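Thank you all for making time this morning. I would like to walk you through a structure that is new to most of us, so please have the view open while I talk.

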Amino acid sequence: MPELCTPGETLRILDKYGIRARKRYGQNFLIDANVVHAIVAAAGIGPDDCVLEIGPGIGSMTGILASAARSVVAVEIDESLKDVLAETLAGHGNVEVIWNDVLKLDMKELADRCGCGRPLKCVANLPYYVTTPILMQLLAERGCFDSITIMVQKEVADRICASPGSKDYGALTLAVDYYCRPEKVLDVQPSCFIPRPGVVSSVLNLKAFGAPPVKADERFLFAVIRASFNQRRKTLVNGVMNGLTVDGRRLQVPRAAVENALQTIGQPAAVRGENLSLGQFAAFSEELRRSL
Ligand code: SAM
């Protein structure tokens, strides 16, 4: 079978099965073989690897992943693609397709069942309408994934890779930094998809840490980060005093406690959340937690 990720072959398949890309499922099919091969290369897939692909679509990337990996489990929400994938994956006996919303799956169970005894590699051209929930679902299951190689909107990639002090830096940057080391692989133009998305995309490779890179009570740390970025133009002191919610419980935090914790880590009382690194957030949240 010829490579699917060309404009001609993609249009032929869509036409043959009477498929129209569904906007509500974020369907933009890749038609550039160079991009697909670059994604698979960045994921570093070898013959011993088991891969999770989220949203195989018409299978443009799935066959290439299956040729490189030991096995692929692909999760697709759109059951109208069943006949298409039956044709395009016919030559690949090492692919299992799960017809479901990936957000409804238990990742730990999936990784245990499909992971060949070690963490999965996740590869996905993610549907942009649910990028953040899917990413958080993957990250939160520490140990299930060795790496996550994803296509996202460039704007989201810039937020994930941002440095402290920059306009893109925020809670998403810190959440990703807590679980893995992100690296931008390449930008992808709208002309590489059918239909063309309205924005430029980027491929990221996220290499999972075995253990958190900082020592802190995880729930308290993330509560502090959320509170600090709730209202972007507020100082961290005001954000934490007015919005610290841990496990659904709003905490009353005296100004002096926040200011003392900041002073202990060498930061001025007027500092904003966007100026602190993950390590500084961890040190600050531990000081604060111990003082409450
Ligand atoms: N991998 C294909 C490609 O690169 O050409 C398709 C990528 S398209 C951007 C996103 C795919 O994710 C679509 O096939 C869509 O139906 C699927 N999808 C959307 N939401 C999903 C969800 N919640 N769970 C699983 N698959 C989903």
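Let me begin at proline 195, which you will find in the loop that runs between strand S8, residues 193-194, and strand S9, residues 201-208. Please keep in mind throughout that what we are looking at is a predicted model. The peptide bond that joins isoleucine 194 to proline 195 is cis, with an omega of about -15°. If you go from proline 195 to alanine 38, you cross 157 residues along the chain, and the two C-alpha atoms are separated by 20 Å. Alanine 38 itself belongs to helix H2, which covers residues 33-43. With a relative accessible area of 25%, alanine 38 is partly exposed, because it falls between the 20% under which a residue counts as buried and the 50% over which it counts as exposed.

Stepping back for a moment to the whole protein, its secondary structure comes to twelve helices and eleven strands. The C-alpha trace spans about 70 × 40 × 30 Å along its principal axes, and of the 292 residues in the protein, 50% are buried.

Now to the ligand. Which pocket does the ligand take up? The space that the ligand takes is the largest pocket. There are 22 residues around the ligand, and those that come nearest are Leu30, Gly55, Glu76, Asn125 and Tyr129. In terms of character, the shell around the ligand divides into ten nonpolar, eight polar and four charged residues. Two of the strands that contribute to this shell are strand S1, residues 29-30, and strand S3, residues 71-76, each of which supplies at least two residues.

Which backbone atoms lie at what distance from an oxygen or a nitrogen atom of the ligand? For leucine 30, a backbone N or O atom lies 2.8 Å from an oxygen atom of the ligand. For isoleucine 77, a backbone N or O atom is 3.3 Å from a nitrogen atom of the ligand, and for proline 56 the corresponding distance, again from a backbone N or O atom to a ligand nitrogen atom, is 3.5 Å. As for the ligand's surface, on its own it has 590 Å² of accessible area, and the protein covers 99% of that.

Let me turn to two residues that are neither of them glycine and yet have a positive phi. Cysteine 116, whose phi is near 45°, sits in the loop between helix H5, residues 107-114, and strand S5, residues 120-125. Aspartate 247, with phi near 50°, is found in the loop between strand S10, residues 245-246, and strand S11, residues 249-250. Are these residues buried or exposed? Cysteine 116 has 27% relative accessibility and therefore counts as partly exposed, whereas aspartate 247, at 56%, is over the 50% cut-off and so counts as exposed.

For a buried position, please look at threonine 10 in helix H1, which covers residues 7-16. Its relative accessibility is 0%, so threonine 10 counts as buried. The side chain of threonine 10 reaches the backbone oxygen of threonine 6, at a distance of 2.9 Å. Leucine 138, in helix H6, residues 131-140, is buried too, because its relative accessible area of 2% is under 20%. From leucine 138 to alanine 175 there are 37 residues along the chain, and their C-alpha atoms are separated by 12 Å.

Finally, I would like to show two pairs of residues that are separated in sequence. Proline 164 lies in the loop between helix H7, residues 154-160, and helix H8, residues 171-179, and at a relative accessible area of 43% it is partly exposed. How far is the C-alpha atom of proline 164 from that of serine 277, 113 residues apart along the chain? The separation is 5.9 Å. The other pair involves glycine 279, which has its place in helix H12, residues 278-291, and which counts as partly exposed at 38% relative accessibility. Glycine 279 and proline 213 are 66 residues apart in sequence, while in space they are 8.2 Å apart, C-alpha to C-alpha.

That is where I will stop, and I am happy to go back to any of these places in the view.

Technical notes: Residues numbered from 1 in each chain as written. Predicted model: local features only at pLDDT ≥ 70, side-chain atom pairs only at ≥ 80, totals over all residues. Heavy atoms only, no water. Near = heavy atom within 4 Å. Polar contact = N/O pair within 3.5 Å; in protein donor to acceptor, adjacent residues only side chain to side chain. Areas by Shrake-Rupley, 256 points an atom, 1.4 Å probe, with all protein chains shown as cover. 1 Å grid on protein atoms, 1.4 Å probe; cavity = no way out; pocket = protein on both sides within 12 Å on 5 of 7 lines; lining within 4 Å. Sits in = over half its atoms within 2 Å of the grid points. Helix = DSSP H or I, 4+ residues; strand = E, 2+ residues; numbered from the N terminus. Nonpolar A, V, L, I, M, F, W, Y, C, P; charged D, E, K, R; others polar. Buried < 20%, exposed > 50% of the residue type's maximum accessible area, 1.4 Å probe, protein only.
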